[in-house]
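Reader: Please take me through one part of this model up close. I want the backbone oddities, the ring packing, the charged contacts and the cysteines. Keep it brisk.

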Amino acid sequence: LYFVLAGCSSLKEIPADLFKYCNNASGFYSTFAGCTSLTTIPEELFANCPNAVDFGYTFRNCTSLTSIPQKLFDNCQKVESFYRTFYNCTNLTGKPIELWTRGTNNAENEYQGNPDGEGCYCDCTGLEGYETIPNYWKTGGTIV
C-alpha cells in the first residue's frame, strides 16, 4: 500500500493524524515529493506505520521544509530504503536524523548497508553538521 500526494505544490501542512489508521502501509515512496510549499512535518506522522519499508523520495524537492522532526521514523523499524528521502530539500536546517546508524550501516561498509540511504540528504547543506553526514547519504553512489 502506497500513498501519493506528490506534486501538490500548494500543500502547506500535513495533518498529524493523516496516517493514523495505516499500520499496514508498506511504503511512502514519493508521497510528498514536489510539495514545494510544505514547511513542516508533524513528528507523529508515521507513528502508526510500523510496517513501512520504503521512504524513497518521500520529501524530495520539498524546498520550503525547514526542519526534520527527530522522532519522525522512530516507530518505523523495518525500513529498507531512505533512498533520496530529503533529496534537494535545500532549506532544511537543524539536526538531521542519523538514519545512517540504523541496521547494518557502519563505517566499515561506508554506511552503504541496510537501510539504503543513497542521497537521502543530497543538497541539504544547511543541516547542522552536514559535513559529518556520510558521503553516500549526501551524494549517493560509491565514493572513490
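Author: Start with Glu110, in the segment before α1. The model is predicted, so read each value as computed from that prediction. Glu110 is not a glycine, yet its phi is positive, about 55 degrees. Most residues other than glycine have a negative phi, and most peptide bonds are trans. Glu110 counts as partly exposed, at 42% relative accessibility.

Ser30 also goes against that rule. Its phi is positive, about 60 degrees, and Ser30 is not a glycine. This serine, too, is placed in the segment before α1. Is Ser30 buried or exposed? Ser30 is buried, because its relative accessible area is 12% and the cut-off for buried is under 20%.

Next, a peptide bond. The link from Asn114 to Pro115 is cis, with omega near 5 degrees. Pro115 sits in the segment before α1. Pro115 is also one of the residues in contact with Ser81, once neighbours within four places in sequence are set aside. The other contacts of Ser81 on that count are Val53, Asp54, Phe55, Gly56 and Asp116.

Stay with Ser81. This residue belongs to the segment before α1. Ser81 is buried, at 14% relative accessibility. A polar atom of its side chain lies 3.1 Å from the backbone nitrogen of Tyr83.

Now the rings. The structure has 19 aromatic pairs. One of them joins Phe32 and Phe59. These two rings are stacked, 5.5 Å centre to centre, with 10 degrees between the planes. What does this pair tie together? Phe32 and Phe59 both lie in the segment before α1 (135–138), so the pair ties together parts that are 27 residues apart in sequence. Phe32 is buried, and so is Phe59.

A second stacked pair is formed by Phe46 and Phe73. Their centres are 5.8 Å apart, and the planes differ by 10 degrees. Phe46 and Phe73 are 27 residues apart, and this pair links distant parts of the chain. Both of these residues are in the segment before α1. Phe46 is buried, at 0% relative accessible area. Phe73 is buried as well, at 1%.

These pairs belong to a wider network. Phe32, Phe59, Phe46 and Phe73 are members of one aromatic cluster. The cluster also takes in Phe19, Phe28, Phe55, Phe82, Phe86, Trp100, Tyr121 and Trp137. Phe55 therefore has two roles here: a place in the cluster and, with the cut-off for contact at 4.5 Å, a contact with Ser81.

Turn to the charges. How many salt bridges does the count give? The count comes to one salt bridge. Its partners are Glu118 and Arg84, whose side chains meet at 3.6 Å, N to O. This pair links distant parts of the chain, 34 residues apart, with both residues in the segment before α1. Glu118 and Arg84 are both buried. Elsewhere, a charge meets a ring. The charged end of Lys138 sits over the ring of Tyr130, 4.9 Å from the ring centre.

Glu44 is another acidic residue to look at. Its place is in the segment before α1. Glu44 is partly exposed, with a relative accessible area of 43%. The C-alpha atom of Glu44 is 9.6 Å from that of Leu18, and the two residues are 26 apart along the chain.

Last, the cysteines. A disulfide is a covalent bond between the sulfur atoms of two cysteines. How many disulfides does a search of the whole structure find? The search finds zero. Cys35 is in no disulfide, and the nearest cysteine sulfur, in Cys8, is 4.9 Å away. Cys35 is buried, at 0% relative accessibility. What about Cys89? Its closest cysteine sulfur, in Cys62, is 5.2 Å away, which is too far for a bond, because a disulfide needs the sulfur atoms within 2.5 Å. Cys89 is buried too, with a relative accessible area of 0%.

Conventions:
Residues numbered from 1 in each chain as written. Predicted model: local features only at pLDDT ≥ 70, side-chain atom pairs only at ≥ 80, totals over all residues. Heavy atoms only, no water. Phe/Tyr/Trp six-rings, centres within 6.5 Å; stacked < 30°, edge-to-face > 60°. Helix = DSSP H or I, 4+ residues; strand = E, 2+ residues; numbered from the N terminus. Buried < 20%, exposed > 50% of the residue type's maximum accessible area, 1.4 Å probe, protein only. Lys NZ or Arg CZ within 6 Å of the ring centre and 35° of its normal. Salt bridge = Lys/Arg side-chain N within 4 Å of Asp/Glu carboxyl O. Polar contact = N/O pair within 3.5 Å; in protein donor to acceptor, adjacent residues only side chain to side chain.
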